[in-house]
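Open the model in your viewer and keep the selection tool ready. Each stop below tells you what to pick and what you will find there.

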Amino acid sequence: MQIVETNLQFNGSLNKRKSTKRAIIHHSASADVPASTIHQWHLNQGWSGIGYHFVIRANGAIERGRPEWAIGSHSGPAGNGDSIGIVLTGNFETGKPTAAQIESLASLIKDLRGRYGNLAVIGHKDVMATACPG
């Protein structure tokens with residue numbers, strides 16, 4: 001498994017996550033876009049930058065978002081503090097993830113579990129009222 005390093009620049013300082021118990025899955029509710037585009041969307045919202053730790057593109061490429069050690073900004077107060085946020089590009093209210101995305105997601109989860117233990121894998125909608133991940 002290869003992770004594409006994006007070297008995104010964040011506004012302000014990021015806080016270190018104290019524990020990692022979950023991986024929370026999202027969809028971008030957009031076309032297939034790179035991490036840099038999502039980063040800009042989040043900067044435009046006044047945030048420090050992309051809230052997800054990983055972006056999985058339609059072709060299965062895994063791109064680095066927020067640094068893995070940092071607290072994410074992807075699931076609200078109930079989800080950010082102990083989780084890694086993974087977003088798959090696409091709108092899963094109107095379509096499905098690609099086979100390449102599912103394969104990359106499985107590889108990424110296996111890698112994360114190898115480093116953090118048996119992480120729970122849940123959807124964004126499992127920690128707050130949303131249709132994500134569709």
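The tour goes from a strand and its partners to a set of charged pairs, then to a histidine.

**Before you start.** This is a predicted model, in which local features need pLDDT of at least 70, side-chain atom pairs count only at pLDDT 80 or more, and totals for chains, interfaces and linings use all residues. Residues are numbered from 1 along each chain as its sequence is written, and side-chain values use heavy atoms, with hydrogens and water left out.

**Stop 1: strand 5.** Select residues 83-88, which form strand 5. Strands here are DSSP runs of E with at least two residues, and helices are runs of H or I with at least four, both numbered from the N terminus. Of the 6 residues in strand 5, 6 are buried. Buried means under 20% relative accessible area, exposed over 50%, and partly exposed in between (1.4 Å probe, protein chains only). Now show side chains. Ser83, Gly85 and Val87 point one way, while Ile84, Ile86 and Leu88 point the other. In a regular strand, side chains alternate between the two faces of the sheet.

**Stop 2: the partners of strand 5.** Two strands pair if DSSP finds at least two bridges between them. Add residues 22-27, strand 2: this strand runs parallel to strand 5, joined by 6 bridges. Pick His26 and look across to Val87, its bridge partner in strand 5. Next add strand 3, residues 54-56, which pairs with strand 5 in the parallel sense over 3 bridges. Here Ile56 stands opposite Leu88.

**Stop 3: charged pairs.** A salt bridge is a side-chain nitrogen of Lys or Arg within 4 Å of a carboxyl oxygen of Asp or Glu. The count by this rule is 7. Select Glu5 and Arg64, whose closest N and O atoms are 2.9 Å apart. Glu5 sits in the loop between strand 1 and strand 2, Arg64 in strand 4, 59 residues apart. Glu5 is partly exposed at 46%; Arg64 is buried at 16%.

Move to Glu63 and Arg57, a salt bridge at 3.1 Å. Both residues are buried.

Then select Arg115 and Asp111, at 2.7 Å. They lie 4 residues apart in helix 2, so about one helical turn separates them. Salt bridges that share partners join Glu5, Arg64, Glu68, Asp111 and Arg115 into one network.

**Stop 4: His124.** Where does His124 lie? Select this residue in the segment after strand 6. His124 is buried, at 10% relative accessible area.
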